[in-house]
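Let's take a quick tour of a protein model, one piece at a time. Keep the 3D view open and follow along.

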Amino acid sequence: MVSGQVVIQMTDYKVKDIGLAEEGRMLIDYAEKHMPVLMHLRKKYAKSQPLKGMRIAGCLHVTKETAVLVETLRAAGADVSWSGCNPLSTNDKVAAGLAANDVPIFAWHNLNNEEYYWCIEQTLKSEPTLTLDDGADLIFTLHNKHQELIPNLYGGSEETTTGVIRVRAMAEDGALKYPIMAVNDADTKHLFDNVYGTGQSVFDGVMRASAILIAGKTVVIGGYGYCGRGMAERARGLGANVIVTEVDPVRGLQARMDGFRVMPMIEAAPEGDLFLTATGMKDVITGEHMKVMKDGAMFGNAGHYNVEINEPDLIALSEGPKKRVRHALDEYKLKDGRRLYLLGEGRLVNLTAAEGHPSEVMDLSFASQLNAMIWMTKNGKDLKPAVYEFPKELDNETAFAKLETMGISIDKWTEEQERYARAYAEGT
Ligand SMILES: NC(=O)c1ccc[n+]([C@@H]2O[C@H](COP(=O)([O-])OP(=O)(O)OC[C@H]3O[C@@H](n4cnc5c(N)ncnc54)[C@H](O)[C@@H]3O)[C@@H](O)[C@H]2O)c1
């Protein structure tokens with residue numbers, strides 16, 4: 001049960017500059033206009049208050065879309081405290097906008113590791129009953145340092161592929177102490193956010209950071225998962241010659257049949273002009289690859305952590321310190337005279353160099369996050385600590401709602417078709 005004893009200091013916050021609040025509010029209002037599903041749910045749940053009495057600690061990129069989620073969770077009755085889930089992904093205007101609206105938010109752009117975990121710790125002072133993660137750093141901090149808070153918890157949710165892999169590994173190890181909903185696995189999340197969201201916003205980030213022309217370039221995509229697929233398609237659409245690298249034979253085959261060249265990274269390395277990784281795995285690009293890259297080659301990452309491009313290898317190959325040549329673009333002059341360029345310090349380029357995914361796609365992901373919070377409120381206390389699949393009926397509700405906002409209706413099976421679907425005896 002909710003302990004009821006905790007008083008959240010609603011005025012607590014730490015952001016870069018509260019003076020940015022007005023600009024932040026404009027961004028949030030703008031995002032609301034492009035998130036009709038979430039805004040519809042806000043209206044609906046403002047009446048029924050399904051999250052009344054809940055205290056949510058959230059750790060997710062502070063973007064204008066996240067602000068719309070935070071304000072929707074509050075409208076549905078929850079007290080919410082928030083931190084960012086990446087040192088470079090917080091939009092300081094949005095953070096100020098939320099702080100000015102009495103959200104206890106602890107987030108600013110470009111924080112160091114110590115500050116990053118300090119921010120998470122502040123949100124835990126609310127003694128949450130629910131957690132909402134992107135990458136599982138909050139879940140992990142709770143388990144590692146604040147086991148005393150675990151009895152309060154109804155459950156949590158996880159937004160991204162890497163975070164879901166992390167909590168599944170915790171569950172397999174018997175280390176997970178409360179139930180987590182894998183929001184990333186909702187069809188209305190990974191089939192849209194990871195594919196179309198990452199596909200578009202990664203190139204938004206590359207272009208803002210580098211201003212290069214994509215047409216005519218050879219673009220190497222590391223990993224042909226949901227994100228990689230979206231990125232490869234968008235690169236092709238922009239006129240690039242696309243190479244895909246993979247470790248999974250099925251996905252490698254799929255990339256080939258989708259029309260892309262497929263080869264190991266060491267063969268792609270001398271060919272590529274722009275390298276973009278989205279694997280969730282470390283060392284996809286290492287010194288071995290950098291040694292054979294062209295002068296002027298550029299690389300960036302879309303995976304959750306900054307481990308996919310081995311920056312220490314790059315530093316070891318370099319002569320002197322890196323040079324910040326543009327916003328979110330660093331030049332490394334190598335000892336052999338070549339210059340290589342790293343986008344967004346190897347962190348998710350769509351968030352470090354641009355604004356993350358467009359609002360329309362986050363409308364889907366965050367409708368699922370809201371539904372996950374409500375589902376955990378209803379069911380969490382009866383569940384064992386494990387990772388739970390996203391309920392299909394909620395997925396369908398979100399998809400129907402989105403179609404409706406787009407003015408699209410679809411067919412429905414007739415009774416005869418329903419019967420036929422179950423009629424296994426009926427053949428030729
Ligand atoms: N930037 C964003 O906004 C954003 C959005 C969603 C997900 N993500 C993150 O992006 C990453 C990928 O997510 P996903 O949903 O596409 O995952 P996924 O599991 O669908 O795809 C990852 C792919 O990478 C491949 N891979 C693994 N190691 C490799 C290696 N060494 N070389 C080449 N390929 C390799 C895997 O075989 C797999 O096909 C995760 O870290 C996820 O958390 C980022």
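**Strands, helices and a hairpin**

Start with strand E2, which is mostly covered: four of its five residues are buried. Keep in mind that this is a predicted model. From E2 we can look at the neighbouring strands, then at a helix, and finally at a hairpin further along.

**E2 and its partner strands**
- E2 (79-83) pairs with E1 in the parallel sense, and five bridges link the two.
- One of the matched pairs here is Ala57 with its bridge partner Ser81 in E2.
- To get a right-handed β-α-β unit, put together E1, helix H3 (residues 64-75) and E2.
- The chain then crosses from E2 through helix H4 (residues 92-100) to E3, and this β-α-β crossover is right-handed too.
- E2 and E3 are also parallel, with two bridges between them, and Ser83 sits opposite Phe106 in E3.

**Helix H5**
- H5 covers residues 113-124, and its twelve residues reach 17 Å from first C-alpha to last, close to the 16 Å expected.
- At its N-terminal end, Asn112 acts as a cap, with a side-chain oxygen 3.1 Å from the backbone nitrogen of Glu114.
- Its buried residues are Tyr116, Cys119, Ile120, Gln122, Thr123 and Leu124.
- What do the buried residues of H5 pack against? They pack against strands E1, E2 and E3, plus helix H6 (137-145).

**The E12-E13 hairpin**
- Strands E12 (residues 323-326) and E13 (residues 329-333) run antiparallel, joined by three bridges.
- Lys323 has Glu331 in E13 as its bridge partner.
- Two residues lie between these strands, and Ala328 in the hairpin takes a positive phi near 65 degrees.

Conventions
Residues numbered from 1 in each chain as written. Predicted model: local features only at pLDDT ≥ 70, side-chain atom pairs only at ≥ 80, totals over all residues. Heavy atoms only, no water. Expected span 1.5 Å × (residues − 1). Buried < 20%, exposed > 50% of the residue type's maximum accessible area, 1.4 Å probe, protein only. Contact = heavy atoms within 4.5 Å. Polar contact = N/O pair within 3.5 Å; in protein donor to acceptor, adjacent residues only side chain to side chain. Pairing = 2+ DSSP bridges. Right-handed = clockwise from strand over helix to strand, strands pointing away.
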